[in-house]
Amino acid sequence: MNSGFPDAVATLTISHAPARVWAAITDPADIKQYFFGTEVVTDWQIGQPIVWRGEWQGKSFEDHGKVLEFEPLQRFSVTHYSPLTGLPDLPENYHTVTYAVEPTADGTTLTIRQSRNRSEGEAAESEKLWRMVLDNLNQYLARNN
């Protein structure tokens, strides 16, 4: 279902091989290092749950969704619901987040796309957040080959 509002899209070319970038976006130990300390729990099997736990702006959270797509070294897609939105846990209140990995001459281009935004403002705020995540990931990989 298209919300009618723009997707939040953030893209960055990272000077690491696709396999390293893929590991960083799917390994919970790596994710915790650059994604604001978030703990991710999933087995990456299509149709299975994914949970994100942590603290955001001083509040504990436990977001959840399910794995929609998982193509190793290429892309994965998940649904995402956060109780912090204050909205009921209903399908129309879930985002879809897709990570796409593409090899380039300079390393790897990683694109994160969040769809099903509820407003242009939400899309803009989400885009800023995803850009921060990509910058944090890039810095993390630069320190931890």
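**Core, patch and strands**

Colleague: Happy to look at this with you! Leaving aside neighbours within four places in sequence, which residues is V78 in contact with?

Modeller: This is a predicted model, where local features need pLDDT of at least 70, side-chain atom pairs count only at pLDDT 80 or more, and totals for chains, interfaces and linings use all residues. Residues are numbered from 1 along each chain as its sequence is written, and side-chain values use heavy atoms, with hydrogens and water left out. Contact means heavy atoms within 4.5 Å. On that basis, V78 is in contact with W44, I50, W52, K66, V67, L68, H95, T96 and V97.

Colleague: Thanks! Which helix gives the largest share of the largest nonpolar core?

Modeller: A nonpolar core is a set of buried (under 20% relative accessible area, 1.4 Å probe, protein chains only) Ala, Val, Leu, Ile, Met, Phe, Trp, Tyr and Cys residues joined through side-chain atoms within 4.5 Å. The largest one has 29 residues, and V78 is among those with the most contacts inside it. Its largest share, six residues, comes from helix α3 (residues 120-143).

Colleague: Good to know. Is E102 buried or exposed?

Modeller: E102 lies in strand β6 (residues 95-104). Beyond four places in sequence, E102 touches G107, T108 and T109. Exposed means over 50% relative accessible area. E102 has a relative accessible area of 51%, so this residue is exposed.

Colleague: And how far is E102 from Q74 in space, C-alpha to C-alpha?

Modeller: Along the sequence, E102 and Q74 are 28 residues apart. In space, their C-alpha to C-alpha separation is 6.7 Å.

Technical notes:
Helices (H or I, at least four residues) and strands (E, at least two) are DSSP runs, numbered from the N terminus.
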